[in-house]
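Biologist: I should like to learn how a protein model is read, step by step. May we work through an example together?

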Amino acid sequence: MGSLKRKLERKQQKKDKKLEKEMSKKMMMFDKLEDHCAACEKPFDKKSKEHVSTWNVVVREKEDVVRLYCPECWGKANKLIEEIQNDLRDRSERGGESSEQSESE
Ligand SMILES: [Zn+2]
């Protein structure tokens with residue numbers, strides 16, 4: 001059954017080629033990846049599983065830009081967005097009155 005096996009192998013190779021292409025595309029993205037957080041410049045360790053799984057990548061395909069954010073900055077950014085949204089909601093609910101003290105520091 002040599003020829004059948006060869007046929008199957010060739011099929012498999014074709015699949016691998018496609019996969020390879022996709023992989024290299026992804027690797028290209030990684031190439032563009034900076035090695036530090038775009039906000040706080042904390043170094044990103046590509047070899048660290050923890051970093052790879054917890055850091056956030058923002059891809060702007062139009063601008064061909066890949067940005068990297070550490071979990072802390074990502075959390076801060078999301079919190080900020082949340083706060084702004086809450087603030088806006090509060091304001092529209094209260095009708096423009098703002099006598100609340102802001103908590104700075
Ligand atoms: Zn950061």
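Modeller: We shall go from the overall fold to single residues. Please keep in mind throughout that this is a predicted model.

Biologist: How much confidence does the predictor report for the protein, and which elements have the lowest and the highest mean pLDDT?

Modeller: The general caution is that predicted coordinates should not be read in detail where pLDDT is low. In this case the mean pLDDT of the protein is 82, and 80% of its residues reach 70 or more. Among the elements, α2 has the highest mean, 93, while α1 has the lowest, 75.

Biologist: What secondary structure does the protein contain, and in which pattern along the sequence?

Modeller: The protein has 3 helices and 2 strands. Followed along the sequence, these elements give the pattern α-α-β-β-α.

Biologist: How do β1 and β2 pair?

Modeller: The two strands, β1 and β2, run antiparallel and pair over 5 bridges. Two of the bridge partners may be named: V57 is matched with L68 in β2, and V58 is matched with R67 in β2.

Biologist: What does V58 touch beyond its neighbours in sequence?

Modeller: A general idea helps with strands: in a regular strand the side chains alternate between the two faces of the sheet. As for the case here, V58 lies in strand β1. Leaving out residues up to four places away in sequence, V58 touches R67 and Y69. The C-alpha atoms of V58 and Y69 are 8.0 Å apart, although 11 residues separate the two in sequence.

Biologist: Is V58 buried or exposed?

Modeller: V58 counts as exposed, because it has 12 C-beta neighbours inside 10 Å.

Biologist: Which residues make up the largest nonpolar core?

Modeller: In soluble globular proteins, nonpolar side chains tend to be buried together. Here the largest nonpolar core consists of 5 residues: C37, W55, L68, Y69 and C70. Buried residues make up 5% of the 105 residues in the protein.

Biologist: With which residues is C70 in contact, if its neighbours within four places in sequence are left aside?

Modeller: C70 is in contact with C37, C40, K42 and W55. For the protein as a whole, one may consider contacts between residues at least 6 apart in sequence; 45% of these join residues at least 24 apart.

Biologist: Where is D64 found, and what is its phi?

Modeller: D64 is in the loop between β1 (56-60) and β2 (65-69). This hairpin has 4 residues between the strands. The phi of D64 is about 60°, a positive value, although D64 is not a glycine. D64 is also exposed, because it has 8 C-beta neighbours inside 10 Å.

Biologist: Where is E41 placed, and is it buried or exposed?

Modeller: E41 lies in the loop between α1 (2-32) and α2 (49-54). Its phi is near 65°, which is again a positive value in a residue other than glycine. E41 is exposed, because there are 12 other C-beta atoms within 10 Å.

Key: Residues numbered from 1 in each chain as written. Buried ≥ 20, exposed ≤ 12 C-beta atoms within 10 Å, placed from the backbone. Contact = placed C-beta atoms within 7 Å. Core = buried A, V, L, I, M, F, W, Y, C linked by C-beta atoms within 7 Å. pLDDT = per-residue confidence, 0-100. Pairing = 2+ DSSP bridges.
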